[in-house]
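Reader: I am new to this structure and would be grateful for a close look at one part of it. Please describe how its domains are laid out and what is found within them.

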Amino acid sequence: MFEIKTYNAIAPEGLNLLNADQFALNSGANPDGIILRSEKLHGMEFPESLKAIARAGAGVNNVPVEECSEAGVVVFNTPGANANAVKELVLAAMIMAARPIKEGMEWVQTLSGDDVEKQVEKGKSQFAGTEISGKTLGVIGLGAIGAMLANDGFRLGMEVIGYDPYVSVETAWNINRRVQKAASIAEVLAKADYISIHVPVNAETKGMVDAAFLAQMKDNAVLLNFARGELVNTADMLAALKEKSIRKYVTDFADEALLHNDDIIVMPHLGASTEEAEVNCAIMAAQTLKYFLETGNIVNSVNFPGVDIAMQSPIRLTIVNKNIPNMVGQISSGLAKYFINIEDILNRSRGNYAYTVIDIAETEEAVLNEVIEKIKEIDGVVNVRIIRR
Ligand SMILES: NC(=O)c1ccc[n+]([C@@H]2O[C@H](COP(=O)([O-])OP(=O)(O)OC[C@H]3O[C@@H](n4cnc5c(N)ncnc54)[C@H](O)[C@@H]3O)[C@@H](O)[C@H]2O)c1
Ligand SMILES: O=C(O)[C@H](O)COP(=O)(O)O
């Protein structure tokens, strides 16, 4: 039986995949796995039982990924599962920035009398806007969301220019060939009327939208941030808007300093909040977590290498170890000392850590426990699991 702890509202379509005969939800203090959305786990003490964390969503900045790696805890996310929801909201946001729709709708509610129709026709000119067709959309970060947005911007009649120095081959194949590839952010900023950022927040990207970035934007340009609040330096943004060096800021990330400002549209982190995205994310998170706990296979991890091999024997050992020389040699000779036959072995590394999967022949319980203890003693081994078919 695996214990799973959940945080935030995880769609039942996902949780129902964790069959009750094998998974107990929120039943105790020793979870094997966690499923969450935006709950912040930084500073939380993880129980020794914890093997994996599945983020039902894209951004993992609410999870202490480095500490998880050190503890051998595999962190998963759900790439692309909410991308369409975010893309649709960005398109809506772009149109809201182009036309004062919200202001017009609020104004019409203030009218009264039997000549409302006449008042509307007289007053509507104050809410005239512009069109996005024919304008240039700059997309920074051409991943799941950015690529979809770039393609749809093009379909809506926009010129599109994208920047992503790390774009994956798979995503690149899906981007319309008429989307221009920028060699630098500066090139995007010089050309775009609407700039939408879709990069993860990390040491490289935190605060990337600063005074220098904003100064390179066109005077009438709009910045859309549906990625993370921390990407934008709030003080620099407020100064740029005050000086009218850009036209508008649209963000999905509220901050008191951004409220009650006519040049800023703030949404309450709604990007992934559609029925479809919530279901997609919950299903993908539950599936990857279940698959990992049951088989040791790793799919869609942000901190460990992908490993997906069929179990060749009744017993599988999975070992998280430091990515240093002679780990596999020491582990396999440890097994050999106990005359345990290796039927299949795979070792993959990612950064400072590696993951080793070893399928072994049926072995007496007492011998297995002894050999596991010996493997755990090897310098560089972080944790060892036994999985039975
Ligand atoms: N508002 C929301 O509710 C919501 C929903 C989903 C995702 N997000 C945020 O959006 C981000 C992107 O989501 P995604 O699903 O497209 O992720 P993704 O991993 O598919 O795409 C991210 C892209 O950013 C690129 N990138 C990384 N560093 C870069 C840099 N310095 N310059 C340019 N490109 C860079 C990567 O190469 C990748 O292609 C997430 O990390 C998350 O923070 C927000
Ligand atoms: O990174 C994400 O996937 C989004 O920010 C969604 O967050 P949420 O699951 O809390 O809506």
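**The domains and their surroundings**

Author: According to an unreviewed UniProt entry, the annotation "domain: ACT" covers residues 316-389. The model discussed here is predicted. In residues 316-389, helix accounts for 32% of the span and strand for 43%, and the end C-alpha atoms lie 8 Å apart.

The domain assignment divides the protein into domain 1 (1-82 + 272-303), domain 2 (83-110 + 130-266) and domain 3 (305-389). Between the C-alpha centres of domain 1 and domain 2 the distance is 30 Å. Where these two domains meet, nine residues of domain 1 are in contact with seven residues of domain 2. The side of domain 1 that touches domain 2 consists of three nonpolar, five polar and one charged residues.

Turning to the interior, the largest nonpolar core comprises 99 residues, and Ile35, Ile195, Leu224 and Ala285 have the most contacts inside it. Helix 11 (residues 275-295) supplies the largest share of this core, namely nine residues. Ile195 may serve as an example: leaving aside residues up to four places away in sequence, Ile195 touches Gly138, Ile140, Val188, Leu189, Met217, Ala221, Leu223 and Leu224. Leu224 thus appears both among the residues with the most contacts inside the core and among those touched by Ile195.

There remains the ligand site. Ligand 2 is surrounded by Arg37, Ser38, Gly57, Ala58, Gly59, Asn82, His269, Gly271, Ala272 and Ser273. By class, this shell around ligand 2 contains two nonpolar, seven polar and one charged residues.

Notes:
Residues are numbered from 1 along each chain as its sequence is written. Chains are lettered from A and ligands numbered from 1 in the order in which they are written. This is a predicted model: local features need pLDDT of at least 70, side-chain atom pairs count only at pLDDT 80 or more; totals for chains, interfaces and linings use all residues. UniProt positions are given in the numbering used here, feature names are shortened, and annotations may be inferred rather than shown by experiment. Helices (H or I, at least four residues) and strands (E, at least two) are DSSP runs, numbered from the N terminus. Domain bounds come from an automatic or database domain assignment. Ala, Val, Leu, Ile, Met, Phe, Trp, Tyr, Cys and Pro count as nonpolar, Asp, Glu, Lys and Arg as charged, and the others, Gly among them, as polar. A nonpolar core is a set of buried Ala, Val, Leu, Ile, Met, Phe, Trp, Tyr and Cys residues joined through C-beta atoms within 7 Å. A residue is buried if 20 or more other C-beta atoms lie within 10 Å of its own, exposed if 12 or fewer, and partly exposed in between; C-beta atoms are placed from the backbone. A residue is near a molecule or strand if its C-beta atom, placed from the backbone, lies within 6 Å of it.
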